[in-house]
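Reader: I am in my first year of study and would be grateful for a close look at a single part of this model. Could you please take the salt bridges as that part, and then set them in their surroundings?

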Amino acid sequence: MVQSLDTREEIIQVATQPYVLNIGPHHPSTHGVFHLRTVLDGEVIVDAEILIGYLHRGIEKLAETRTYTQVIPLTDRFDYLASMTNNLAYCLAVEKLAGIEVPERAQYLRVILAELMRASSHVMSLGFLMNDLGSLFTPLFLAAREREKMLDLFEMLSGQRLLYNFMRIGGVSQDATDLFLFKARQFVDQMPMYLNEIDQLLTENEVFRVRAEGTGALSAEDAINFSCSGPVLRACGVDRDIRRDDPYLIYDRFDFDVITCQNGDNYDRYRVRLGEIWQSLRILDQALRDIPSGEVQAKHPHFLRPPVGEAFSRIEAPKGELGFYLVSDNSIAPYRFHVRSSTLINLTPLSKMLIGWKLADAILTLGSIDIVLGEIDR
Amino acid sequence: MDAPVFDNWWGHFLLFAPICIFGALTFLLLFLWFDRRYWARYQIRVGPNRCGPWGLLQCLADGLKMALKEDIIPSKVDKFLHGLAPLLIMFPVLMVFAIIPFANARSGVVPDLNIGLIYLVGITSIVGIGLLTAGWASSNKWSLVGAMRSIATMVSYEFPVVLSLVGVGLMAGTLSMNGIVEAQERNGWFILLQPLGFLIFFVGMMAETGRSPFDFMECESELGCGVNTEYSGLRFGIFQMVEFMEGVLMSFIVATLFLGGYSFPGSQGIFPEGALGAVFGLIAVMIKMFIVYIFLGWIKCTMPGRLRIDQWMGFAWKALLPLSVLNLIIVAFEVVAFGGAPNFPAWVLFINLPACIILIMLWSRFWTTGGGRINVRAVRQGHTQGA
Amino acid sequence: MFVPFGKGILKGLRITLIHAFRRPITTQYPEEKLTTSKRIRGVKLVWDSQRCTGCATCAKSCLQGNIVIRTSRGDHNNYIVEEFTLDAGRCIFCGLCVESCPYDALFFGRVYETVEYDRQKLIYSIDDLTRDSDTAISAYYHPEFADALPEQTLLMDREHTGIHLTFSSPKDTSSSGETN
């Protein structure tokens, strides 16, 4: 049910002329090179059309001439704000294809890293959402500070801050030191205080609520019909989370809630993301407590040749349901490699979410869907 | 006039006007520096500290950079209006600095205009015309959207601002800025005597001068630079400069009209007359203006965004305007009840402050933003409207 | 329906005020440098000429082909490596080459401040890459080097305490970033 504060019928009676306004690709608020061609009448959006492809790098084609391990750095470049989750989804697909069993410690490490990735991606999306709203970057700095702490942890583990290339087929590439686990525990203990600060600064702010409540609303039925997933779907009231419904890794051992809201507007998407950060901290707490010792990578041949077949793996990435489809023909490189990109599918109802609202709402709605162009354009 | 130095009109003009303008521009540089270091503290960072000791020359460096950049004028713009717009924006802001009483006019240093309030309102309105010109002349749809927003906001917020100024003028009994300060010297600061008027004026003036959260003139994250998209080089620098100067100007005006300007209540005989007293007055105005400026910066750093344009205007017309009319009615009753302007007792605060709180609570319960989703039946590629 | 009389804004004002009195977390680079992680993937690889046999597994595992190896036959039924070039301008620092060396002859360095004006200068030849006694080697995939390296400075330790960072050169492993 689309909830709006008051609706007016056919307000446009004066003989005005609609004009085409190109939002992007060069725009401070489109989160990348994203081109949205809107037709406006005054300030009201009458039509919206998405034009993508400015960041297309042909990764799916490149992967056909790389070995299975060499594809992993390529998968980093999809959702570059949460790059280990891409690695993870790909490795799950190859493990399904080749039948490789992942050791326990590697599973726990994967869960820890996936949840840290989720927290860092969500906290960054909150910060950038406020940027789109027009703040003087203060919420962005607070969010970036939290993310910086997590990036320090990742640097300790893998040596890089953004594109990690850390997951391998059969586990992770290197073991986590005790210092890492200790510092991760310290981070999980300290984070609630800072998250409360961000919460108090933003959640009840009248300006934000007036702007975000009701705008860009998507009904649950529409969200399901358009195959949305992730926070966009959960904010509409549909209770679906792949970690709980179709568990991968060892998520069935952890105890966490799935956050849903009712209205599906921008404010609810913000609330879902904020709630998911809390749940990630909960999972991290449990995983850090229970992590066993052992091997971190299963043994497999250097040039892996999976048997002929196909596999599809999907995970709950921070942005939605990320899926990898692999076809193998028993050679060292995949025959076909396709990404079910979460943000691209989440963008399909964009024109439905935008038509009838105003230009300022368009920017906010785009920010709240949380797009990353690497994943859209591949 | 006491001091014979400035008896001569020409002497006054040639000496006072350049000092005022240079003072305004120097203030601009200092306050720019202060702004950037200050806002950085709210974001737990340091701010510029490399150019010169403590980063003091940073603004000079930025100004030089703006001046030395290539001035690109697109071919389709209306050249005369495109060039006129920065001037239309800059000069009114500089002109308002002339009427701010930096010291007591009786000391002969500072002039006093007997219709100061009208001058203030009239001259600041010209900035709106400048913005519209800038947006219209650049043949760019983004600039046009930005200009339409700015002019709509400025026109909408004129009403509450002017009505609260009328309240101030009624309480003081005079329109001249100096007279208002003298009235506050006798009766107490107007921020206490009419808190509702102060709040309305504060919010309205924030919208008029383009301070966050109403910064349509600055680079909007939505509009990608808004009105000044097609400007570069020194003309762009002028837009940035005017943005800051308006903030400074607003602080001065609030300090003068509501915080008592160059005086403190009951300080009539304390400071010496003449030029020495003028210096004390100047220091007092600076301190108050600084406090207001700090407060403005605090709000700017905290607000996570702006309202949408129709919500801004809804706020002005549906919330601020009725409140300012009610404020005017209350003040008018008090003026009549106490028999003329100069005889206000201080306990009138105890009527005005509860009235302010009650009215704000009442309005916040009933004010809605409006402007929900509009049903449009749009035809792709045909662009014909509904029906 | 919420009542917008400003309570949320006041809460936000309080949070910003708290932040204004905290110590800034900025580091004044280049006077103060943070100590990087032990496993940092530096720009220049470190090639051990004693251990390398010229098998070129690293060149094969690079997904872009950034490593060029040219060998010639030696006397004792071995290969002598004549040319080992790394195009660091194209390298994405994925680390697959370091991981794939079967003889532990290739490591990551710890240098990250290599800036050149000319792209040709980023192509490192065998002399730039050969390991000598004081080259810092990062512990990426080689945890045996980790003990000699200084501890990484973390933001969660630095926050609120204003730890003064002294100058720390990445090559210089003995005098590390001391914390006060």
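**Salt bridges and their surroundings**

Author: Chain B has 387 residues, and 56% of them count as buried. The model is a predicted one, and what follows should be read with that in mind. Before turning to the salt bridges, it is useful to complete the picture of this chain. Chain B contains 12 helices and one strand; read from the N terminus, its elements run α-α-α-α-α-α-α-α-α-α-α-α-β. Among the contacts in chain B that join residues at least 6 apart in sequence, 81% are between residues at least 24 apart.

The nonpolar interior comes next. In soluble globular proteins, nonpolar side chains tend to be buried together. The largest nonpolar core here has 101 residues, and the members that touch the most others are B:Phe97, B:Phe190, B:Phe201, B:Phe202, B:Phe252 and B:Leu257. The greatest contribution to this core comes from helix α9 of chain B (residues 234-257), which supplies 15 residues. B:Phe252 may serve as an example: apart from neighbours within four places in sequence, its contacts are B:Phe27, B:Phe97, B:Ile100, B:Phe102, B:Val285, B:Met286 and B:Met289. There is also a second, separate core of 95 residues, with A:Leu201, A:Leu284, A:Ile291 and A:Phe324 among its members.

We now come to the part you asked about. Side chains of opposite charge can pair when their charged atoms come close. Over all chains, the count is 45 salt bridges. Three pairs within chain A deserve individual attention.

In the pair A:Arg243 and A:Glu115, the side chains meet with 3.3 Å from N to O. A:Arg243 belongs to helix α10 (residues 242-245) of chain A and A:Glu115 to helix α4 (residues 104-133) of chain A, so this salt bridge links distant parts of the chain, 128 residues apart. Are these two residues buried or exposed? The cut-off for buried is under 20% relative accessible area. A:Arg243 has a relative accessible area of 3% and is therefore buried; A:Glu115, with a value of 0%, is buried as well.

The second pair is A:Arg161 and A:Glu148, whose side chains form a salt bridge at 2.7 Å, N to O. A:Glu148 sits in helix α5 of chain A, and A:Arg161 in the loop between α5 (138-158) and β5 (167-168), 13 residues apart. With 34% relative accessibility, A:Arg161 counts as partly exposed, and A:Glu148, with 28%, also counts as partly exposed.

In the third pair, the closest N and O atoms of A:Lys352 and A:Asp222 are 4.0 Å apart. Because A:Lys352 lies in helix α13 (residues 350-354) of chain A and A:Asp222 in helix α8 (residues 220-225) of chain A, the salt bridge ties together parts that are 130 residues apart in sequence. A:Lys352 counts as partly exposed at 39% relative accessibility, whereas A:Asp222 counts as buried at 18%.

Salt bridges may also share partners. One network formed in this way joins A:Glu115, A:Arg118, A:Arg234, A:Asp241, A:Arg243, A:Glu276 and A:Glu316.

A further polar residue of chain A offers a point of comparison. A:Ser229 is in the loop between α8 and α9 (231-235) of chain A, and it counts as buried at 5% relative accessibility. Its side chain reaches the backbone nitrogen of A:Glu321 at 2.9 Å. Setting aside neighbours within four places in sequence, A:Ser229 is in contact with A:Lys319, A:Gly320, A:Glu321, A:Arg340 and A:Asn346.

Salt bridges are found between chains too. Chain C and chain A share three of them, one of which joins the side chains of A:Glu204 and C:Lys11 at 3.1 Å, N to O. Between these two chains there are also 20 residue pairs in polar contact. On the side of chain C that touches chain A, the elements giving two or more residues are α1 (7-20), α2 (57-61), α3 (96-100) and α5 (155-158) of chain C. Of these, α1(C) gives the most, with nine residues. By class, that side of chain C has 20 nonpolar, 13 polar and 11 charged residues. Altogether, 44 residues of chain C are in contact with 45 residues of chain A. The area buried between the two chains is about 3,600 Å², and carbon and sulfur atoms give 53% of it.

How values were computed. Residues are numbered from 1 along each chain as its sequence is written. Chains are lettered from A and ligands numbered from 1 in the order in which they are written. This is a predicted model: local features need pLDDT of at least 70, side-chain atom pairs count only at pLDDT 80 or more; totals for chains, interfaces and linings use all residues. Side-chain values use heavy atoms; hydrogens and water are left out. A nonpolar core is a set of buried Ala, Val, Leu, Ile, Met, Phe, Trp, Tyr and Cys residues joined through side-chain atoms within 4.5 Å. Buried means under 20% relative accessible area, exposed over 50%, partly exposed in between (1.4 Å probe, protein chains only). Helices (H or I, at least four residues) and strands (E, at least two) are DSSP runs, numbered from the N terminus. Contact means heavy atoms within 4.5 Å. Buried area is the accessible area (1.4 Å probe) that two parts lose on being put together, summed over both. A polar contact is a pair of N or O atoms within 3.5 Å; within protein, one must be able to donate a hydrogen and the other to accept it, and residues adjacent in sequence count only if both atoms are side-chain atoms. Ala, Val, Leu, Ile, Met, Phe, Trp, Tyr, Cys and Pro count as nonpolar, Asp, Glu, Lys and Arg as charged, and the others, Gly among them, as polar.
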